[in-house]
Amino acid sequence: MPVPSYPVLSTVIFFPLFGALIILFLKRETHIKTCALLTTLVNLFLGLSIVFRFDKELPGFQFVEDYLWIEALGVSYKIGVDGVGVLFVLLSLIISVLCVLCSWNSIKVRVRDFYALLLITETIMIGVFCALDLFLFYVFWEALLIPMFLLIGIWGSSKRIYASVKFVLFTFAGSVLMLIGIMSLYFMGGKTFDLLELQKIQYPLKYQVWLFLAFFAAFAIKVPMFPFHTWLPDAHTEAPTAGSVILAGILLKVGAYGFIRFCFPLCPMALPILKPYLQILSVVAIIYGAFVTLLQTDIKRLIAYSSISHMGYVTLGIFTTNKPGLEGAILQMINHGIVTGALFIWIGAMYDRFHTREIAKYGELGRLLPGFVVALLIFSAAAIGFPGTNSFVGEFLIALGTFKDNQFLGFTLILGFLLGTAYMIWLFYRVTFLELTPDMKETFLKEGAFKAPDLREIVMFVSLGIFIFALGLKPNIVLSFLHTPLDLLLNSLLK
Amino acid sequence: MINLKPLLPEIFLTLTIISYFVYGFYARSRCSLSLFVFVGGLVTLLLIPLSQGIAFKGFFVADLLSQALKFVFLITLLYVVAFSYSYDQIKDKVYYEYMILLMLSTLGMMLVVSSREFISLFLSIEFMSLSLYLLAGIVLFDFKSNEASLKYFLLGSLASAFLLFGIAIIYGLTKSSYFPDIQGVLQMLSSNEYYLICGILALTLGLAFKAGLAPFHQWSPDVYVGAPTPVTAFFSVAPKGAALGAFMRVFSEAFVVVKDLWTPILVVIALLTLFVANILALRQINLKRLIAYSSIAHAGYVLLAIIAASERGIFALVFYFLVYVFMNLGAFAVILSHSEGENLESYSGLYRANGFLALAMLGFLFSLTGIPPFGGFVAKFLVFQSLVEIGLVWVAVLAIMLSVPSIYYYLRIGVRMFFMDRTKVELIVPSTEVKLITAISLAGVFITGLFPSIFYFIFQ
């Protein structure tokens with residue numbers, strides 16, 4: 001295991017916090033934005049240096065740092081990444097840069113607080129994916145609530161207060177049960193919160209089931225899995241663009257990541273018992289989510305609901321508990337983070353121009369804003385899972401894993417794909433080809449809404465497009481990180 | 001030769017009070033009186049770590065539980081003295097007496113948590129309570145304040161009677177009032193469980209009233225609203241700490257051998273308290289009332305640690321209060337920072353009016369809810385962990401589920417501060433001492449949350 005000479009992972013975690021501190025002392029708006037962008041960019045490069053130095057063949061965690069934190073509680077500050085973790089750290093870094101870019105013009109009030117909060121969020125997100133101590137993990141996990149609450153509540157749209165309080169209530173209710181689970185683990189597993197120590201112990205079956213359910217409460221709400229999903233449409237719709245991108249890109253992944261990181265190694269015997277129910281919940285989320293998406297008239301809400309459906313694929317892939325399913329699920333998490341993030345950025349850019357999110361008010365973009373239509377075409381193709389785009393590979397692998405595990409559920413997936421195509425095509429058709437009423441066109445023209453994408457938007461869209469096609473044509477970029485940790489995980493399940 | 005070292009802080013505080021009696025004849029300005037009490041309290045505070053051990057044949061003990069709680073009481077005293085200095089509802093005329101009462105009740109509380117014997121426990125509780133009754137009514141000719149005082153006095157005396165009744169029954173059974181002796185007798189006691197339960201019930205009733213636990217909590221919202229705000233701040237922390245500290249000592253030292261008998265009683269009280277307090281707090285629009293219910297809920301959490309009655313439980317209790325003093329009194333500092341601070345309405349757009357106050361308040365609120373990285377989280381963690389340790393996982397699960405609504409009523413204030421706008425835009429400029437107190441409390445909440453180990457350094 002390569003022992004880093006200096007705490008490089010901690011640097012990546014806390015560098016944005018440092019940037020946030022600097023921002024608090026800046027006065028001019030442009031300085032603040034530039035500082036935020038520079039911080040996220042520098043952090044991205046720091047993160048890339050970790051990715052390049054990461055040894056994919058080595059089993060176990062790398063860049064591990066372990067310091068005693070609270071001696072009396074047996075809590076240590078222990079962080080490290082394996083193949084799964086390092087991908088999510090990278091995803092968080094990329095998403096953070098995009099968040100700064102996409103809020104550049106749309107955030108006009110309390111600019112300083114906004115970017116400071118954004119950077120604090122980045123710190124906490126990366127911390128969640130690196131924590132190897134359950135106490136530390138919980139601290140990061142729960143602390144994420146605070147900046148998200150403020151981001152949605154201060155800069156959100158009309159129903160922001162309702163959405164932010166609902167978000168906090170739901171997430172808090174779930175995570176307190178996980179807290180009890182963590183406490184009981186401490187006493188069951190030899191008075192430590194160290195995940196690596198805890199997963200060496202074989203717990204009694206009954207305990208494993210309860211423990212799984214305790215963690216499930218937290219993760220299922222965060223993902224969100226089917227009956228716990230109601231906070232998501234409100235939070236996603238009302239949040240500012242950057243908030244939606246973080247929610248869709250990272251927050252939802254935290255839950256699914258938790259399943260893989262904690263539930264699998266800690267409760268391997270509970271999995272076969274609970275698996276069928278979880279798979280059914282996932283399939284219900286896919287189908288139900290897709291049907292509800294079809295009904296939406298608000299573009300942002302449509303994308304939000306589609307997330308429920310897409311996260312259903314992810315959880316289904318995870319709970320197939322075989323290698324293609326899990327690899328597909330993790331790949332799909334990253335894909336979903338990028339694609340849904342892209343769609344939210346797209347609608348954010350449109351909202352800046354037209355000040356509406358109603359699908360009915362849009363039209364004729366094909367003629368009037370061709371640049372945006374190309375972007376939408378690529379993003380919605382990726383959301384559908386069109387061959388050549390990244391989601392195709394992920395969904396294919398998930399389907400493969402599902403068929404291997406349960407053929408009947410595999411068939412229901414086909415319905416899900418079909419419905420997914422239907423709502424995206426419908427959105428695309430409605431927005432691009434349908435005629436605008438003349439007076440609507442008049443008002444839009446008067447407002448100067450038909451502005452071609454500026455450089456900042458082009459940079460965002462092009463880089464997102466590159467991600468989509470790069471991962472679609474060469475998914476091995478991601479998958480090569482996953483082989484070693486997933487083999488290790490599946491071996492431990494078989495024991 | 002009597003070993004007086006464990007009594008060092010008490011002796012010093014008594015001397016301070018006596019010299020204050022005389023000092024008050026010469027100096028009558030608010031500033032000089034406050035300063036005298038402040039310095040006296042501060043020195044007493046610094047004497048606490050020096051005072052370890054047992055005195056009076058074990059009747060008086062200075063251990064982790066009592067030392068840490070005394071620490072909390074004196075910090076509260078310092079806070080309240082700073083709060084009162086520019087609080088104009090407490091008139092100059094009664095300021096001298098007011099300060100005496102504050103110090104006397106603090107002395108009473110310090111004796112309460114150190115008593116290891118029922119008679120001295122009862123006397124100290126009365127000593128503390130009598131000063132508190134007067135404090136509640138310190139605003140002369142204010143109907144609400146006087147009503148609060150009378151209500152507190154009448155109900156409090158009833159509770160004291162029950163307490164005494166319980167002590168009498170226990171004495172009748174065990175022929176002792178000294179906790180270790182009682183424990184020894186109870187170990188051999190096989191029958192007479194009926195009387196024992198009666199005794200424990202009566203004792204629990206008395207102490208639960210003093211700590212403001214449901215179903216004996218009804219007095220506290222009224223008293224909290226009626227009393228002047230600095231006194232409310234004092235009530236919400238110190239007497240609760242004293243009552244719960246006594247609770248802990250009685251149950252973990254005298255009755256620990258009959259744990260099976262009292263565990264169900266306390267579990268019911270704790271869960272009922274959490275339920276009632278967290279539900280009733282949801283719709284409060286007066287902040288003092290809200291804090292009253294929230295402090296009832298917090299007493300409920302601490303009771304969970306008492307149920308554990310283990311070393312971890314004791315530790316959880318004292319740590320909880322150490323954090324609680326910062327977060328709750330920090331919130332009171334914000335309430336006192338502007339006129340109308342009691343009114344939930346006045347928090348709309350506070351962030352615009354004073355960003356620092358709003359952010360600090362948000363920190364206190366999140367800490368009260370128990371969200372990391374604030375101290376409240378570590379405190380709650382310790383409490384629930386002590387419950388899980390003794391195997392009462394289901395109680396922990398129920399209690400933690402009952403705590404979920406709490407985030408709603410704390411966030412209502414946060415929502416107003418950050419997401420709503422003010423009708424009249426004016427900057428709020430709090431006085432220097434309020435700013436300083438808020439900053440100190442915020443630091444306290446952060447430090448206890450991020451580096452709880454510091455706490456061990458002080459007390460071990």
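Start with A:Arg110, which sits in the loop between helix H3 (83-102) and H4 of chain A. This is a predicted model, and the backbone at A:Arg110 has a positive phi of about 45° although the residue is not a glycine. Most residues other than glycine have a negative phi. Is A:Arg110 buried or exposed? A relative accessibility of 18% counts as buried, because the cut-off for that class is under 20%.

**Into helix H4**

Move along to A:Glu122, in helix H4 (residues 111-130) of chain A. Which side chain of opposite charge is nearest to A:Glu122? It is A:Arg456, 16 Å away; A:Glu122 is buried and has no salt bridge. To see what surrounds A:Glu122, select A:Pro16, A:Thr40, A:Asn43, A:Leu93 and A:Ser96. These are its contacts once neighbours within four places in sequence are left aside.

**A second positive phi**

Select A:Phe63, in strand S1 (residues 62-70) of chain A. Its phi is near 55°, again a positive value in a residue other than glycine. A:Phe63 is buried, with a relative accessible area of 2%.

**A buried salt bridge in chain A**

Now show the side chains of A:Arg353 and A:Glu457. They form a salt bridge, with N and O 3.0 Å apart. A:Arg353 belongs to helix H14 (residues 323-354) and A:Glu457 to helix H20 (residues 455-473), so the bridge ties together parts of chain A that are 104 residues apart in sequence. Both ends are covered: A:Arg353 is buried at a relative accessible area of 7%, and A:Glu457 is buried at 4%.

**Across to chain B**

Next, select A:Lys191 and B:Glu389. What joins them? A salt bridge does, and its closest N and O atoms are 4.0 Å apart. A:Lys191 is in the loop between helix H7 (160-188) and helix H8 (195-198) of chain A, while B:Glu389 is in helix H16 (residues 375-389) of chain B, so this pair joins two chains. A:Lys191 is partly exposed, with a relative accessible area of 44%. B:Glu389 is partly exposed as well, at 31%.

From helix H16, go back to B:Pro373, in the loop between helix H15 (355-369) and H16 of chain B. The peptide bond from B:Pro372 to B:Pro373 is cis, with omega near 5°. Most peptide bonds are trans.

**A salt bridge and a network in chain B**

Select B:Lys151 and B:Asp222. Their side chains meet in a salt bridge, 2.8 Å from N to O. This pair links distant parts of chain B: B:Lys151 lies in helix H6 (residues 143-174) and B:Asp222 in helix H9 (residues 219-226), 71 residues apart. B:Lys151 is partly exposed at 26% relative accessibility, and B:Asp222 is partly exposed with a relative accessible area of 27%.

Then select B:Asp63, B:Arg116, B:Arg249 and B:Glu253 together. Salt bridges that share partners join these residues into one network. How many salt bridges does the structure hold over all chains? There are 24.

**Back in chain A: a cis bond**

Return to chain A and find A:Pro224, in the loop between helix H9 (205-222) and helix H10 (231-238). The peptide bond joining A:Val223 and A:Pro224 is cis, with omega about -15°.

**Zooming out on chain A**

Finish with the whole of chain A, which has 21 helices and two strands. Along the principal axes, its C-alpha atoms fill a box of roughly 70 × 60 × 40 Å. The radius of gyration is 22 Å, which agrees with the value near 23 Å for a compact globule of 495 residues.

Colour chain A by accessibility: buried residues make up 66% of its 495 residues. Of the contacts in chain A with a separation of 6 or more, 80% are between residues 24 or more positions apart.

Switch to the surface view. Chain A exposes about 17100 Å², and carbon and sulfur atoms supply 70% of that area. For a last selection, mark the charged side chains of chain A, 34 positive and 29 negative. The mean positions of the two sets are 3 Å apart.

Definitions and conventions: Residues are numbered from 1 along each chain as its sequence is written. Chains are lettered from A and ligands numbered from 1 in the order in which they are written. Side-chain values use heavy atoms; hydrogens and water are left out. Helices (H or I, at least four residues) and strands (E, at least two) are DSSP runs, numbered from the N terminus. Buried means under 20% relative accessible area, exposed over 50%, partly exposed in between (1.4 Å probe, protein chains only). Lys and Arg count as positive and Asp and Glu as negative; His and the chain ends are not counted. Contact means heavy atoms within 4.5 Å. The radius of gyration is taken over C-alpha atoms; the globule rule is 2.2 Å times the number of residues to the power 0.38. Accessible areas come from the Shrake-Rupley method with a 1.4 Å probe; for residues, only the protein chains shown count as cover. The place of a charge is taken as NZ of Lys, CZ of Arg, CG of Asp or CD of Glu.
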